[in-house]
Structures are given as structure tokens and as C-alpha cells.
Amino acid sequence: MRKIAVLSLALSFILCDSQFSNNNDNVQGSGSTSCREICCLTSMSQNLGAVGEKITNLVEKIQLLEAKLQNTEKEVLELRSLTGGTPQVAFSAALRESGSGDTGPFTTATPLQYKRVFSNAGSNYNSATGIFTATVKGMYFFRFSMFNNLSQSPNSVVSLMKNGQRLTSVWDTSGTDANDMGSNAVVIPLNLGDSVYVELQPNRIVYDDGMNYNTFSGFLLFAM
């Protein structure tokens, strides 16, 4: 902007110089100098007024562009919150990676290790331990299913655990029918480092094969 103003002033002086050089022979005395100065000042004032108007228009355009830029930045942040900005945590796994047979019994309560991993976004589930560990504080959904043993006397009890505390269970320990299964689910808040897993209770058994009856799944509903 300063360069434009300086150039306008310089141009005004050149125009005045040119005008009075052409009329120099016709105008004599001290009065000619005053007239020349007045003319130059008038021309400078007019040019400065035009430059000021252009600067005002440019300032208004810049302010408009700044407002549009701020709105665009807000929209980008909103899009990030809906896509890459939101943590993505989800997993699903079945008990056996291959083959068929019973798991258990064990003399103590034992976390079930779901070996066949269907998905594990965020890598929060560990198939070697069967434990999900939260790396994002938030509200989560978990679901698990159980298929009882195929012996004549059902003997299956599993529980969903959070940090060693029982949340809910599925069981089948009576009756003469076989091929029974059940499931349960919870919505719970988790802090960083909280662990969730499915625990086979002492002296209990579950059966599975390639049909993948026993599953453990969960995902982040929203961060907090």
C-alpha cells in the first residue's frame, strides 16, 4: 500500500512539473511559483484520495477473505472430528483359531484367549492374553457369547470382567439338552489402562469349533 501511495505522489509531481514547464514562458514572477505549488498540492490531494479509496476497498476485501478463511478452518475441524480426528477403536474375535473341542476345565478362573481375530482397529485387544486394554478414555460397548460343552451334563459359566470385577455372566449348568448357547452385553465407561476380558469360571467348560460360537467383541462409542 505504501508503494502505491509513493508512486502516486511521484506521478503527481511529474505531472505538475510537465505542466508548468510547458507554460513556463507564458507565466513569469513570484505568482507563478505559488500557482505551481497550489496546482501540485491539488493534484496530490486528488491522487491521494483515489489511493485512499482503493486501500479502503482492499481492506474490506481482505477482511472478507479472513472471515471466509476462519469459516473454512472451522469446517475442517468439524470434518476431522468426524473422521481422522476421532479415535477408532473396535475389535472382534472368536475363541478357536482352528479345530474343535473343549476349553477347560481349569482350577482357577481363567481369561479366555480368543485367538481368531476378525478385526482389531486400534490394536487394543491382545489375542495372546484375551484382554482388551483401553488406550482412549470413553464409553464402550462389549458383547460376548458362550456355547456350552457337549457332554451329557452342561457345565459352562463365563463372565465379562472389568479390572477383575464381574460385570455380567452367561451360564448353562443344568438340563439334559445339548447345543445351548447364550450371550450378554454391556455399555461401560473406561479410563486409560482399564482392562476388559471374558473369564471362564473354575472347573467350567466351553466348546467351540469352526462355527465360531464363542465370540468377544467391543468398540468405542465416543471419547470422553
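# Buried, exposed and in between

Colleague: Why is asparagine 203 called partly exposed?
Modeller: In this predicted model, asparagine 203 has a relative accessible area of 47%. Buried means under 20%, and exposed means over 50%. The value of 47% lies in between, so asparagine 203 is partly exposed.

Colleague: Where is asparagine 203?
Modeller: Asparagine 203 sits in the loop between strand 11 and strand 12 (206–208).

Colleague: What makes the phi of asparagine 203 worth a remark?
Modeller: Its sign. Asparagine 203 has a phi near 60°, which is positive, and the residue is not a glycine. Most residues other than glycine have a negative phi.

Colleague: Which phi does serine 123 have?
Modeller: Serine 123 has a positive phi of about 55°, and it is not a glycine either. Serine 123 lies in the loop between strand 4 (116–121) and strand 5 (125–126).

Colleague: Is serine 123 buried or exposed, and why?
Modeller: Its relative accessible area is 60%. The cut-off for exposed is over 50%. The value of 60% passes that cut-off, so serine 123 is exposed.

Colleague: What is the phi of asparagine 163?
Modeller: Asparagine 163 takes a positive phi near 50°. This residue belongs to the hairpin of strand 8 and strand 9, where two residues separate the strands.

Colleague: Why is asparagine 212 counted as buried?
Modeller: The relative accessibility of asparagine 212 is 16%. Buried means under 20%. Therefore asparagine 212 counts as buried.

Colleague: Where is asparagine 212 placed?
Modeller: Asparagine 212 is in the loop between strand 12 and strand 13.

Colleague: With which residues is asparagine 212 in contact, leaving aside neighbours within four places in sequence?
Modeller: Asparagine 212 contacts Ala94, Arg96, Arg116 and Phe118. Contact takes heavy atoms within 4.5 Å.

Colleague: What makes the peptide bond from glycine 104 to proline 105 stand out?
Modeller: That bond is cis, with omega near 0°. Most peptide bonds are trans. Proline 105 is in the loop between strand 2 (101–103) and strand 3 (110–111).

Colleague: How do you know that strand 8 and strand 9 pair?
Modeller: The pairing rule asks for at least two bridges. Strand 8 and strand 9 (residues 165–172) have seven, in the antiparallel sense. So they pair.

Colleague: How many bridges join strand 8 and strand 11?
Modeller: Five, again antiparallel. With at least two required, strand 8 and strand 11 therefore count as a pair.

Colleague: Which residues stand opposite methionine 161?
Modeller: In strand 9, arginine 166 stands opposite methionine 161. In strand 11, tyrosine 197 does.

Colleague: Why is strand 8 called mostly covered?
Modeller: Six of its seven residues are buried. Each of those six is under the 20% cut-off.

Colleague: What makes the largest nonpolar core a core, and how many residues has it?
Modeller: A core is a set of buried nonpolar residues joined through side-chain atoms within 4.5 Å. This one has 26 residues. Phe132, Tyr140, Phe142, Val158 and Phe216 have the most contacts inside it. Among the elements giving two or more residues are strand 1 (90–94), strand 8 (156–162) and strand 10 (181–190). Strand 7 gives the most, with four residues.

Colleague: What does phenylalanine 132 touch, not counting residues up to four places away in sequence?
Modeller: Its partners include Val89, Phe91, Tyr140, Phe142, Leu190 and Val196. Asn124, Asp194 and Ser195 are also among them.

Colleague: Why is leucine 221 called partly exposed?
Modeller: Leucine 221 has a relative accessible area of 41%. That is between the 20% and 50% limits, so the label is partly exposed. Phenylalanine 222, at 43%, is partly exposed for the matching reason. Leucine 221 belongs to strand 13, and so does phenylalanine 222.

Colleague: Which residues form the nonpolar patch on the surface?
Modeller: Val187, Phe219, Leu221, Phe222 and Met224 form it, with about 470 Å² of accessible area together. Patch members need over 30% relative accessible area. Leucine 221 has 41%, so it passes that cut-off. Strand 13 gives the most to the patch, with three residues.

Colleague: What separates leucine 221 and glycine 138?
Modeller: Along the chain, 83 residues. Between their C-alpha atoms, 7.3 Å. Beyond its neighbours within four places in sequence, leucine 221 contacts Met139, Tyr140, Phe141 and Val187.

Terms used. Residues are numbered from 1 along each chain as its sequence is written. This is a predicted model: local features need pLDDT of at least 70, side-chain atom pairs count only at pLDDT 80 or more; totals for chains, interfaces and linings use all residues. Side-chain values use heavy atoms; hydrogens and water are left out. Buried means under 20% relative accessible area, exposed over 50%, partly exposed in between (1.4 Å probe, protein chains only). Patches are made of residues with over 30% relative accessible area and no salt bridge: like charges are joined within 9 Å, nonpolar side chains (Val, Leu, Ile, Met, Phe, Trp, Tyr) within 5 Å. Accessible areas come from the Shrake-Rupley method with a 1.4 Å probe; for residues, only the protein chains shown count as cover. A salt bridge is a side-chain nitrogen of Lys or Arg within 4 Å of a carboxyl oxygen of Asp or Glu.
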